[in-house]
Amino acid sequence: MSKFEKNDNCGTSCGCGSQTEGYWQDVENKVLDPQAVSKEFQDGEFDSFSVEKSRRSFLKIMGFSVTALPLTGCIKIPVKKAIPYLHKNDTVIPGVANWYASTFKGVPLLVKTRESRPIKIEGNDKSMTTMGGVGSQQQASVLSLYDSNRLNGPTISGAEVEWAEFDQKLKEDLKAAKESGKEVLIITPSISSPSEITLIKEFTKAYGAKHIAFDGTSDYSQVKANEISFNAKAKNSYDFTKANVIVSFGADFLGTWGNSSTNTKQYVSRRDPSSSEGMSRHIQIEPVMSLTGSNADYRHTKSLKDSRDIILGVLKSLTGEGPGNTSNNDIVSGIVKELKANKGKSLVISNDSDINVQVVINKINQAVGNYNSTISVMKSDYKICADDMAFEQAVNSMNDGNVAAALFVDVNPAYSFHNSKKFESAVKKVSTVVSFALSNDETSVLAKYNATANHTFETWSDSLVSDSELSFTQPVIQPLFGSRMYTETLMSLMGKSGSFHDYMKSFWSKDFYPKSSGFATATDFWNKSLHDGVVSLDGLSKAASISSMNASSYAKKVASIEYSSGLNIVTYQKTAIMDGDMANNPWLQELPDPITKATWDNYVMVSPMYAKENSIKTGDVVTLKSKDHSVTLPAIVQPGTEKNTVAVAVGYGRKVAGKVARNLGENAFAFYTYNRGATQTADSFGTLAKTGKFKGLAQTQTHHSMEGRDIVRETTFADYSKNPKAGNEKKAKLVNIYPPDHKKDGHQWAMAIDLTKCTGCSSCIISCNAENNVSVVGRQEVANRREMHWLRIDRYYKGDENQPEVMHMPMLCQHCENAPCENVCPVMATVHSSDGINQQVYNRCVGTRYCANNCPYKVRRFNWFNYDRSDKLANMVLNPDVSTRTRGIMEKCSMCIQRIQEGKLQAKRERRDLKDGDIKLACQQSCPGDGIVFGDMNDKDSKIAAFLGSDRNYTVLEELNVRPRVSYLTKVRNK
Amino acid sequence: MKKLFGALVALVAFGAFGAFVVTQARQIGFNQGYQPDQPIAFSHAKHAGDLKIDCKYCHFGADKGRHAGVPPTELCLNCHAKVKTNSPEIKKIQKAVDSGENIQWVKVNHFPDFAYFNHSQHVNVAGFDCQKCHGDIQTMDVVKQEKKLNMGWCIECHRGNEIAPPEDHKRAAGGDCSKCHY
């Protein structure tokens, strides 16, 4: 481990230079664009304050103010209009929220609407699949709805037209395409919507078209491997609740891979050290630090080649098949030992995009009896998975001039296809190109026709969210623009009358109603399912038969994969941006990456070892060159990266997008290659060269050294089993001027966060942003350390910088009973409430910032500017129950005081006592790991009381005697 | 002596001026007595007073949520589709409903954005009559802002003994800032 220099701008208040044993934080000095600071005051922001400094002008101003003041007595506030509804919907009561069930990206949701406008997303806890879990993209989806960059209706060659004219012209062109004898293609992403699939089937029949599913980053290797192994073209379904051991080779299943909300929910349910089942053990082998890897009990930083070697070694040890491994014997034997001890109760997963590797993984899982226990392969007619090969062939076919028409639904291959130039020239040879994009993207600008589609929250649909559960997508607002559901466009092209809603309803009564029980009519069934949002049915999918097969030949193929010399360029997705389709969402752009804490950018991740050898520092702009692509991006020295591996995130470098996403970073999809029958995400090799330039990254954490204090307390499961207080033995001696029997009556709110359950996924941050109208400040202001997030997640490292252990710690206002901020406020703008909340009163605040200075946790946020609220459409997302803050105001976590008030009022209206669980804070609600608990600590039966009484409970910086109301439970690793 | 007298006059004048400024400044933003003209000559005295129509028939939100609400225009026609259809005022309403061009009432009682007030908390939970805050609305032909509606006015009631029974959660909002400001 290297020693790191101390930073002058540290997050938590520092004072001493020593570091806790083994812990470390920062990789280098703070990086900041030196020009940024000098630029700051040149934008005219403070022009209004610039007056000539003379006695004369002073008197002028004084004279004016004194004479002007009495006049204010005569001023009436401007006339305000009150415009009622003309016709009011019965269900809408102004000021009362309505909740509707819907789905976004395969996750069942509840959408909160106020006066018919969606403002907040929460998980649907009726779902048996996600159990209320949601991710950051779902949370942010509501802002994408109000994207003023969306297209206002259909266009032909860029010109806006009416739908009738559009339909007629497109119909003619499609008819001609059909008659030409050439191919007609409809390209969608992976679909799991039964009614959409049925409609697309009808469409393909009507136009003799071919349906191809394409994902930028697909799970094709797994699907294809399942076809090879079990003759089932389907993805795996995992059950992490049954797994005692999880071995993941690079799969970021808690962040970006598979259904991460469900995975997190299940995974975390087995991470409770006090449960009778015991904790699961998680081993991660990966070349770059992923969110999932940061949560592993044992994480091994290994190159892609070594990972595959280990997989072969495990196969050989378990089954005797294949050539076996050539290195890393200790890791192989460790894994094999764990797997053998937990037969049928383990999981081996990999995100490898090589088909043969996936076949080997299948065989390993089969050898230890995991099928139909922790893994199932379910075939369903209601799911279509992306097919890399078919799309590759389609592009070739377009290039050869064999395609007459191509319809791109919700896909953007001109951006996310590995060879976008080839795609562009291919698509130019297609005479009728139709895009269904919501706003212009790289593909839609190549299309003649744009059948502008609705946002998910303006759409009817359904999705198969697991093997046996269906979830509804229902519109929660009238279309904001002149767009139309893509399904209705397809219906219109087929000459079908009616709405897709009717189509779907009749499809449900035909296909799903017979599978249900206990409903008198199909309409009853439909209404109940729509109300709940989810419905579980039998017979939606069929288990594939798991037959034994020999994987020797596939293992040999894996062993014979050739690796070029140079640095292995690994691509990955960032938790918030994923593959870039929601890149125009400022909440997601400003969400710090859980590992690097960088916002608004992608960058080249290099290992500390490589950086040292080549004297690369974070922020140095480097050029990364592969055989046929190069990017120039700032470097970031990332602990836990394999020495000869560099990693770049996809999802950036959008050329045609809204103003938020445009020209941020560079496109890394071009590092994908099509090899060995599938799109490979990590097959590129290349070189790195310094350009000599420097570009500071907008990181929210560059130095939060624990400075010798035990901010994160942790222990191992072995120690915990012996002593539940392990790692938490230290108790500071605190003095109190109040007598010991000093009473705190009424509700006393408190929060506890279980660090064992926090994966760092950051869903809570977006939820908090949405709930509390937290401003987006932009890249430069984040670089200036002025991000406004009320809740941040601190990330700490420990141990060897090549194989560090990682801790995630959500940090928010600690609502100290002896709050240091309150003592220093000269205007009493921050004071304590009788129920234990540290209140911030905006209308009293004059912005001295003394409070922020005196806060030991650095959780107070100051409005340095009036942050942009000029986009009227985007303002529709604001929560009307929370006031927006202007320049010069301090703000911070209010413990969702509006939710507390709402919960209490609800109980009062129902003439009952408040129950534990009635009030859920925004962060708590969105936590897919259920790691945040909130409640009344005076209620002895409450969950919070149990958490506060836990042996693992502690408060951060306890020795300061500020007595935080937010406490933490020690992190337990299963070692 | 003359000088002293002059200084005294100046002092008194400055004091009076100062007092005037302070009293005036403290009124900024209060609109007690505000009684604007409305686009429809609707009389609360007629409807709520003479006809004794329950306030919550039109202002149904008062019982359920934050806003009492101006009733949907169509609601007027519940009666006026049959009653007094020839009145020019009713014709305005009918025209608004038919044309889709809504009536723009002038807001009388206005609360600043940084203060949260919930009608149902006072009407439903506390069981107050509307008149407590809105004055004798049943006698007003044109509605006027009866009370000050400033923070001091809120606190007067909330500190008074008539509310605030001691048991914790049933207690009406005490002096905590964030009961209203968030």
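Trainee: Which strand of chain B pairs with S2(A), and in what sense?
Mentor: That's S1(B), residues 105–106, and the two strands run antiparallel, joined over two bridges. Keep in mind that this is a predicted model.

Trainee: OK, and what stands opposite A:Ala82 there?
Mentor: B:Trp105, which belongs to S1(B).

Trainee: Zooming out a bit, how many residues of each chain are in contact with the other chain?
Mentor: On the chain A side there are 44, and they touch 47 residues of chain B.

Trainee: Which elements of chain A each supply at least two residues to that side?
Mentor: Helix H2 (55–71), strand S2 (81–82) and helix H25 (897–909). So the S2(A) you just asked about is on that list.

Trainee: And which of them gives the most?
Mentor: H25(A), with seven residues.

Trainee: What about the chemistry, how does the chain A side split by class?
Mentor: You get 20 nonpolar residues, 14 polar ones and ten charged ones where chain A touches chain B.

Trainee: Switching to chain A by itself. How many helices and strands does it have?
Mentor: Chain A comes to 27 helices and 44 strands.

Trainee: Is it compact or not, for a globular protein of that length?
Mentor: It's as compact as a globular protein of that length, because its radius of gyration is 29 Å and the globule rule gives a close value, 30 Å, for 975 residues. Along the principal axes, the C-alpha trace of chain A spans about 85 × 70 × 65 Å.

Trainee: What share of chain A is buried?
Mentor: Buried residues are 55% of the 975 in chain A. As for its contacts with a separation of 6 or more, 73% are between residues 24 or more positions apart.

Trainee: Now chain B. What's the secondary structure there?
Mentor: Nine helices and one strand. Going along the sequence, the pattern is α-α-α-α-α-α-β-α-α-α, and the β in it is the S1(B) that pairs with S2(A).

Trainee: What radius of gyration does chain B have, and what would a compact globule of 182 residues have?
Mentor: Chain B has 23 Å, whereas a compact globule of 182 residues would be near 16 Å. Its C-alpha trace spans about 80 × 50 × 30 Å along the principal axes.

Trainee: And how much of chain B is buried?
Mentor: Just 17% of its 182 residues.

Trainee: Last one: what percentage of chain B's contacts join residues at least 24 apart?
Mentor: 61%, counting contacts between residues at least 6 apart in sequence.

How values were computed: Residues numbered from 1 in each chain as written. Chains lettered and ligands numbered in written order. Predicted model: local features only at pLDDT ≥ 70, side-chain atom pairs only at ≥ 80, totals over all residues. Helix = DSSP H or I, 4+ residues; strand = E, 2+ residues; numbered from the N terminus. Rg over C-alpha atoms; globule rule 2.2 N^0.38 Å. Buried ≥ 20, exposed ≤ 12 C-beta atoms within 10 Å, placed from the backbone. Contact = placed C-beta atoms within 7 Å. Nonpolar A, V, L, I, M, F, W, Y, C, P; charged D, E, K, R; others polar. Pairing = 2+ DSSP bridges.
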